[in-house]
Amino acid sequence: MVIAPMLLHQFTPPFDDLPFEESEYISELKLDGFRMTLSKWDNKIKLYTRHLNEITSKFPEFLNIDIPNGTVLDGEVVVTDSYGKPDFEETMSRFAAGKNGEQQAQFCVFDILYYKGERVTSKPLIERKELLESILVPNDSIVLVQWTRGNAEALFNLTKEQGLEGIVLKAANSRYKIKKRSYDWRKVVHFSYAQTYILGVRKGDFGLLLGLEEAGKIRPVGVMEFMTPEARKHFYRIHRDFIVGEDKKYVYLAPKIKIKVKFRCFTKTGKLRIPSFVEYIDS
């Protein structure tokens, strides 16, 4: 049983814009891994990414999970670090290595879509949570995602203190909308900010090389692909004055165009993870 999962919208605090503190919403941990659905049909477990690619062979540790036949679960796959926190780079390393990977992966489940062959997506989220908790016995390979009624701001602040990715806010009575992005589910992610220089523009698919000034020198920190159409137009209007060279992949620029970006975190190699444009600085 292959199902395209329900998707989330981004939300930016303050939380008093909507009644996220009230019991009509739940606040759930957002885990830094990748989305996966697990389907047990015809007594065989199969695993699928959010893009519906089958990855069953990559994670043999999930193939003996004790759930009823005719069940489909939705959740996040993570690999944790030595402190028990999700490590995105290690997760993706395990994904690439597949069954030969040494890291132990966990399937962190937050929803149930089918139970004993019956579709349950029309039931309110709270009822699906109760059903999920009644059938799933956590172990080293599968756990339940923690959640609470309301308390959005407190949980968000706690995840920041603990170095976690953020939270997800969900309407307690929401139905599961297959293959749709819904405002019933909203993610709230902790971002960092930096002032960077544009060092080049990629030929072909859009992307800007970014550099960060440290100790009087500019260090390359990766490629930014997320930029508003208006900001991109402004870049193309001004960048030609700063071209200093090119190769097959990039046109290189002198470090004159300065921008503010937001990003998830620094990678282990010192790059910005998923940087996106915020505003121009003095240009």
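**View 1. The residue that follows helix α3 in this predicted model.** Helix α3 is followed by Gly163, a residue whose phi is positive and lies near 70°.

**View 2. The buried and exposed sides of helix α3, residues 152-161.** Ala152, Leu155, Phe156 and Thr159 are the buried residues of this helix, and because they cover an arc of only 100° around the axis, they come to lie on the same side of α3. Ala154 and Glu161, by contrast, are exposed on the other side of the helix.

**View 3. The packing of helix α3 against strands.** The buried residues of α3 pack against four elements, namely β2 (25-30), β9 (147-149), β10 (166-171) and β11 (181-189). The helix lies across these strands, β2, β9, β10 and β11, and runs at about 160° to β10.

**View 4. The open sheet and its edges.** Five strands make up an open sheet with mixed pairing, and their order is β1-β11-β10-β2-β9. The edges are taken by β1 (7-10) and β9, each of which has a single partner strand, so one side of each is left without a neighbour in the sheet. On average, and with direction ignored, neighbouring strands of this sheet are turned by 35° against each other.

**View 5. The pairing of strands β2 and β10.** In general, the strands of a sheet pair through backbone hydrogen bonds, in either a parallel or an antiparallel manner. For β2 and β10 the sense is antiparallel, and the pairing extends over six bridges. Within this view, Leu29 can be found standing opposite Ile167 in β10.

Technical notes:
Residues numbered from 1 in each chain as written. Predicted model: local features only at pLDDT ≥ 70, side-chain atom pairs only at ≥ 80, totals over all residues. Heavy atoms only, no water. Buried < 20%, exposed > 50% of the residue type's maximum accessible area, 1.4 Å probe, protein only. Helix = DSSP H or I, 4+ residues; strand = E, 2+ residues; numbered from the N terminus. Arc of directions from axis to C-beta. Contact = heavy atoms within 4.5 Å. Pairing = 2+ DSSP bridges. Axes fitted to C-alpha atoms, helices over the stretch in contact; angles between N-to-C directions.
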